[in-house]
Amino acid sequence: PDNPLLAFVPADTPYAFASFKPAPTDLMRKMFAMARPMWRRALTAYTAVAPGDSLERRVAQDVLDAIDKLDVKTFEDHGFSARARFASYGIGAYPVFRIELSNGDRVFDLIRRTAERWNQPLPAPSERSGRRYWIVDASTWGLFVAIGPKELVVAGAPRDVIDANLAQLLGEQRPASSMTTAQFRALAERDGFTGQGLGFVDLTRVAALITRAAGASPDCAAAAEAIAKRAPRLAVGYDDFTLHRMSFGMVLELAPDVLASARGLSGALAGVDRLLAQKPAMAMAVAGNLENGRALLGRVAGALRELGQRCQRSDLVDGATEVAAAAGRPLPPFLAGVHGGYMVLQNLKIGSHGPEAIEGFGTVQLDHAGELVKFATSQMPNFEVPLDGKAHALPQEIPFPGHVAANQGTIGVGLGPSSATTAVRALEGKPVPVPLALFAFDYSRLGELILASEHGPDADNLRDIFKAFGILTMQLLVDTRGAVAWMSVEMR
């Protein structure tokens, strides 16, 4: 559906983020309920040490009272809207935020009454076009706040920029050309976002704004623009946004030649299905083509070195030169042919002096395991691991009992009671394409393990957070869209 606030977003904005449907009401209720105990504990502790009649104590007490009454109905009664849509964008580089209200007069009354209760009377607003607004000067910037009948607007910019764009900020004047819902819909379809919230950063325009603000020479500005065109836009947004799951991500669009090189980074691993099959407390996998990565890093360093030269930044030139030299050096023999690996944490016991027991397993996968095995065992006297696929006990120097197994292409390690079995099983499986990086974190399980011996308000706050979430999954990959980072978290 359309977001009417887009009518105020100029088409040439360097960045924008907007929502096209309200947050689910049941999710808002759940978030309020989840946060209430944590807020109450924190503010109660703060109130206990604040001076008796201080502003800080009055503010903390009012917030505590509000927390006890906070629900969707109260939210609406004060003039806000649980069905509000919003739009955030830039007038040039300067941020503007607009959000729908159900009743601007009620919001104004709430702010006025609260300020009076805190003995901080609200300055008289200016009024124009049915809106009350304030401009607060702070150093070189100004803060603009306007409350209209159905809208709240906040912006930050130098005072002369606010004055020059006052009619637009107040909604009296609209841009000659504005963003449209169709543009956001096309972005959502391309990158897998929903109307819950999505947006973009135009990196080419941002580069131009930065170089202009810095007073860069035309040659320097042209070099910065050339680099920005290699990754012209960053898209951000949500996928799921429900009572049980939230997921969101970022897509960095890449120029065709850069994308072709970046796609060459992708790799494959065997046994990755075991990462999530057992619902571990934590798991991580990294895979990729190191040689292609070195080549791409060299290209990036070369572009940054040219930028430093054209912008007369010797520090950037020196840093890029060092990176290019490192990318060009041959890898140590024991790292040659590494494809990546994974690790899985199944159980953890923490005592007063740190970890006392660990259960888990992991692998390193490469073309020829012999060199890495030779290097690792050389660091531990009288320890050898033949490439026979059998489990061998870890040396006593390692504080946790475990086993290691290796064959020509994989090294597997197991820790804990079943370490001999898990080390051998880690050698199994056929390689399948995987993300460049994958991370899974079971909040509830890991919270129980880490906080088992912890007590006090801070530990209680962390327990509430851990109990509220399930498995968090993050991944980084390169596909036809560009470089993609995605995160998903279960809600309990």
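Two rings of Phe, Tyr or Trp count as a pair here if their centres lie within 6.5 Å. I start there since ring pairs come up several times in this talk. The model is a predicted one.

A search of the whole structure turns up 16 aromatic pairs. Take F20 and F184: their ring centres are 5.3 Å apart and the planes meet at 55°, so this pair is tilted. Where do the two residues sit? F20 is in the loop between strand 1 and helix 1, while F184 belongs to helix 7, so the pair ties together parts that are 164 residues apart in sequence. Both F20 and F184 are buried.

A second pair is F441 with Y443. This one is edge-to-face, with 4.9 Å from centre to centre and 65° between the planes. Are its members buried or partly exposed? Buried means under 20% relative accessible area. F441 has 15% relative accessibility, so F441 is buried. Y443 has 21%, so Y443 counts as partly exposed. Ring pairs also join F441 and Y443 to F439 and F469, giving a cluster of these residues.

That brings us to the strands. F439 is in strand 19, where it is the bridge partner of M284. Strand 19, residues 437-442, pairs with strand 12, residues 282-287, in the antiparallel sense over 5 bridges. Strand 19 also pairs with strand 20, residues 469-479, again antiparallel, over 6 bridges. In that second pairing, A440 stands opposite T473 of strand 20.

Now the nonpolar cores. The largest has 33 residues, and those touching the most other members include F184, Y89, F144 and L169. Elements that give two or more residues to this core include strand 1, strand 6, helix 6 and helix 7. Apart from this core lies another, of 19 residues, with F469, M246, V489 and M491 among them.

Which residues does L169 touch, leaving aside neighbours within four places in sequence? They are I91, V96, R98, F144, V153, A155 and I162. R98 has a further role in the picture: its charged end sits over the ring of F8, 4.3 Å from the ring centre. R132 is placed in a similar way over F108, with its charged end 4.1 Å from the centre of that ring.

Last, H392, which is found in strand 15, residues 392-393. A polar atom of the H392 side chain lies 3.4 Å from the backbone oxygen of K390. Beyond four places in sequence, H392 is in contact with V385, P386, G402, H403 and V404.

Key:
Residues are numbered from 1 along each chain as its sequence is written. This is a predicted model: local features need pLDDT of at least 70, side-chain atom pairs count only at pLDDT 80 or more; totals for chains, interfaces and linings use all residues. Side-chain values use heavy atoms; hydrogens and water are left out. A nonpolar core is a set of buried Ala, Val, Leu, Ile, Met, Phe, Trp, Tyr and Cys residues joined through side-chain atoms within 4.5 Å. Buried means under 20% relative accessible area, exposed over 50%, partly exposed in between (1.4 Å probe, protein chains only). Helices (H or I, at least four residues) and strands (E, at least two) are DSSP runs, numbered from the N terminus. Contact means heavy atoms within 4.5 Å. A polar contact is a pair of N or O atoms within 3.5 Å; within protein, one must be able to donate a hydrogen and the other to accept it, and residues adjacent in sequence count only if both atoms are side-chain atoms. Two strands pair if DSSP finds at least two bridges between them. Rings of Phe, Tyr and Trp (its six-membered ring) pair if their centres lie within 6.5 Å; planes under 30 degrees apart count as stacked, over 60 as edge-to-face and the rest as tilted. A charge sits over a ring if NZ of Lys or CZ of Arg is within 6 Å of the ring centre and within 35 degrees of the ring normal.
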